[in-house]
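Open the model in your viewer and keep the selection tool at hand. The stops below say what to select next and what is there.

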Amino acid sequence: MFVAQLMAERELEVWDCLAAVSDPELDEPITDLNFVEAVSVNDDHTVRVEFRLPTYWCSPNFAFLMAFGIRNAVMALPWVRAMTVELKDHCFGDEVNDGVNSGRPFHQIFAENCDGAVLDDVVEKFMAKAFDRRQEAMLLALKAKDRPIAEIVSMTVGALKKTHFTGEEAFRQLPRYLDILAAKGLALTDRDPAFPTWQGGRISPEALGPHLRRLRSTRLTMEFNGALCRGLAQSRYKEVEIGIDGPTLVDFIAGRVPPREAPEPGI
Amino acid sequence: MYITPEGKEIFVLDGHTHYWDGSPENQTNIHGKQFIDCFYAYHTNLSPKEHLWEKARFEKYSEDNIYRDLFVDGPNDMAIIQTTVLSDFYENGFSSIERSSAMAERHPERFIVNGSFDPRDGEKALEQIHYMKETFDITGVKMYTAEWNGASKGWALNDPQAYKCFELCDKLGIKNIHVHKGPTIIPLSKDAFDVHDVDYAATDFQNLNWIVEHCGQPRIDDFCWIATQETNVYGGLAVVLPFIHSRPRYFAEMIAELLWWVGEDKILFGSDYAIWTPQWLVEKFWNFQIPDDIAEERGVQLTDAIKEKILGLNAAKIYNIDVEAKKKQLAGAPVQIAAE
């Protein structure tokens, strides 16, 4: 009984820590996106996490990042002795799974899979988009509070931290925005400006309008893609049956999900 | 022809349709199966319930089916059929120009069949372009940069080999280059959906029209930046438009965004048939209004005149179709329902 309860608690701990792993493209936790399908904790303190992306064709480089993100998050739990990550039904699944479970670091495994190239530029590009999305949420919330534009663009991190936000999005994004400011080294103390550009520049009051237009475009794309990914993840392996009441969506029966070891002639 | 509630006739040119065979008999491997399964997930995820199809019908549909769905039940006057070969995944190709052209021969006044080539085939790609021009007199091509070709798992529009092909297209009057940015898996070190190669190609080939399908989705933000700077870059609405049913507010925000950045003259309707059928898409689009708060914030409107451009006039312009003459021709050849 006691053991069962401990296992259940540990499973919850794993789920909690996985919430810190984000899809780099959508800047949302993989647990919110329902990408994580199963977590199991064994008596010997080993953990297994299975995840599945919305389609077989989702970017493999991001699949790599998420797989290593899962590994790092779970291995940081003090009681975990070893773990296995399994990406299911993906065109690059074998390479990702072999790499993430080899115990070697990300950059080494990744480089082996693309002639020594690194992913830094792409990671930077999507961090910049995540930054834009989070910053826009803060700027819009301040505008909604009728703060003057000149005050907003010259606000410090300390003043931002002290601002009371009631909107759900601003509340959710404030810690995420502060995290990314710190991670990029854009704001090191509370006296630093709260709203630099990703390149470290300042936004003048006149430039705030065009700046927000650009952030809006990035955020809308990410939200749109997030909605599509959620939908595709949900409809994967569902089929339509047309009965007397018209078409309905039904789940695939287990055996019809394609086997991973299917023949691959010519590839 | 879509007839508005007020009785006005709207010319509809569907810019993005397919006549595919994704059936298990035609699949070469697991990738072929996963490719059509992925399309099917788009279909089941975003279609209204009453327009859902069973898997077998979706995998392969007949000449009668496509004609009925597009022109009898659907409001299309004309449709552009795109070619997507995927020869690494399908025995006879996913949607080959030969099979589509044979189907289109029954109603040549209604179809424009576009070709396709793979620049990585080198000399053979150039031969293929000549063959398609001579045999089918194509005026457009569909480029799928995520296509696998042996060891290669994707290519870019600004690859030197691709430029040789576009030079030939320009010379032969193949003016319309439809681009679909699927996931180019290798090189892994690049963004798999990067759209910046469109920017280079559009700048270097000013005579050609670059129609970016799905408006560059999932990189609509990057696409907007490019389209706003290039006069010869267009956005195809396939995949974006079906949100009008399941997520109308997202659709409103996206269309407002596209109108602001890309402009009303450079957005093209496409049903992406058979992923979706045009009837419900066109009807919902015609009856759609951008909510006041979004329209005001963005400073754009979706007027009837703009809808008419998007539904057919913009595509007619780049495909040199005289809409009034075409309407007369089609009035003399009304849609026929085959005896069953």
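UniProt positions are given in the numbering used here, feature names are shortened, and annotations may be inferred rather than shown by experiment. The model itself is predicted.

**Stop 1: confidence**

Colour both chains by pLDDT. Chain A has a mean pLDDT of 91, and 94% of its residues reach 70 or more. Now select residues 260–267 of chain A, where the pLDDT is below 50. Beyond near neighbours in sequence, this stretch has ten contacts in the model. Where pLDDT is low, the predicted coordinates should not be read in detail. For chain B the mean is 95, and 99% of the residues reach 70 or more. For the complex, the predictor gives an ipTM of 0.92 and a pTM of 0.93.

**Stop 2: the annotated spans**

Select residues 14–320 of chain B. UniProt, in an unreviewed entry, places the feature "domain: Amidohydrolase-related" there. This span of chain B is 44% helix and 10% strand, and its end C-alpha atoms are 15 Å apart.

Next select residues 13–86 of chain A. Here the UniProt annotation, also from an unreviewed entry, is "domain: MIP18 family-like". The span is 30% helix and 30% strand, with its end C-alpha atoms 19 Å apart.

**Stop 3: a sheet in chain B**

Show strands 3, 4 and 5 of chain B. These three strands form an open sheet in the order 3-4-5, and the pairing is parallel. Which strands stand at the edges? They are strand 3 (13–17) and strand 5 (111–113) of chain B. Each has a single partner strand, so one side of each is left without a neighbour in the sheet. On average, neighbouring strands of this sheet are turned by 20° against each other, direction ignored.

Select strand 4 of chain B, residues 78–81. Strand 4 and strand 5 of chain B pair in the parallel sense over three bridges. To see one residue pair, pick Ala79(B), whose bridge partner in strand 5 of chain B is Phe111(B). Then add helix 4 of chain B, residues 97–104. Helix 4 packs on the sheet and touches strand 4 and strand 5 of chain B. The direction of helix 4 makes about 165° with that of strand 5 of chain B.

**Stop 4: where the chains touch**

How many residues does the contact take from each chain? It takes 42 residues from chain A and 38 residues from chain B. On the chain A side, select helix 2 (60–75), helix 5 (120–144), helix 9 (208–235), strand 6 (238–243) and strand 7 (246–251); each supplies at least two residues of the side that touches chain B. Helix 9 of chain A gives the largest share, twelve residues. The residues of this side of chain A divide into 23 nonpolar, 13 polar and six charged.

**Stop 5: two helices across the interface**

Keep helix 9 of chain A and add helix 8 of chain B, residues 220–229. Their axes come within 8 Å and cross at roughly 140°. The two helices are therefore oblique to each other. Ser217(A), Thr218(A), Thr221(A) and Phe224(A) in helix 9 of chain A meet Ile220(B), Asp221(B) and Cys224(B) in helix 8 of chain B. By class, this contact has three nonpolar, three polar and one charged residues.

**Stop 6: the neighbour of helix 8 within chain B**

Hide chain A and select helix 10 of chain B, residues 248–261. The axes of helix 8 and helix 10 of chain B come within 9 Å and cross at roughly 25°. That makes the two helices roughly parallel. Ile220(B), Cys224(B), Ala227(B) and Thr228(B) in helix 8 meet Met254(B), Glu257(B) and Trp261(B) in helix 10 of chain B. The residues of this contact divide into five nonpolar, one polar and one charged.

**Stop 7: backbone details in loops**

Most residues other than glycine have a negative phi, and most peptide bonds are trans. Three places are listed here for comparison.

- Gln217(B) and Pro218(B) are joined by a cis peptide bond, with omega about 10°. Pro218(B) sits in the loop between strand 8 (209–212) and helix 8 of chain B.
- Tyr273(B) and Ala274(B) are joined by a cis peptide bond, with omega about 5°. Ala274(B) is in the loop between strand 10 (267–268) and helix 11 (278–286) of chain B.
- Asp89(A), a residue other than glycine, has a positive phi near 50°. Look for Asp89(A) in the loop between strand 5 (82–88) and helix 3 (93–100) of chain A.

How values were computed: Residues are numbered from 1 along each chain as its sequence is written. Chains are lettered from A and ligands numbered from 1 in the order in which they are written. This is a predicted model: local features need pLDDT of at least 70, side-chain atom pairs count only at pLDDT 80 or more; totals for chains, interfaces and linings use all residues. pLDDT is the predictor's confidence in each residue, from 0 to 100. Two residues are in contact if their C-beta atoms, placed from the backbone, lie within 7 Å. Helices (H or I, at least four residues) and strands (E, at least two) are DSSP runs, numbered from the N terminus. Two strands pair if DSSP finds at least two bridges between them. Axes are lines fitted to C-alpha atoms, for helices over the stretch in contact, and angles run from 0 to 180 degrees between N-to-C directions. Ala, Val, Leu, Ile, Met, Phe, Trp, Tyr, Cys and Pro count as nonpolar, Asp, Glu, Lys and Arg as charged, and the others, Gly among them, as polar. Angles under 35 degrees count as roughly parallel, over 145 as roughly antiparallel, 65 to 115 as roughly perpendicular and the rest as oblique.
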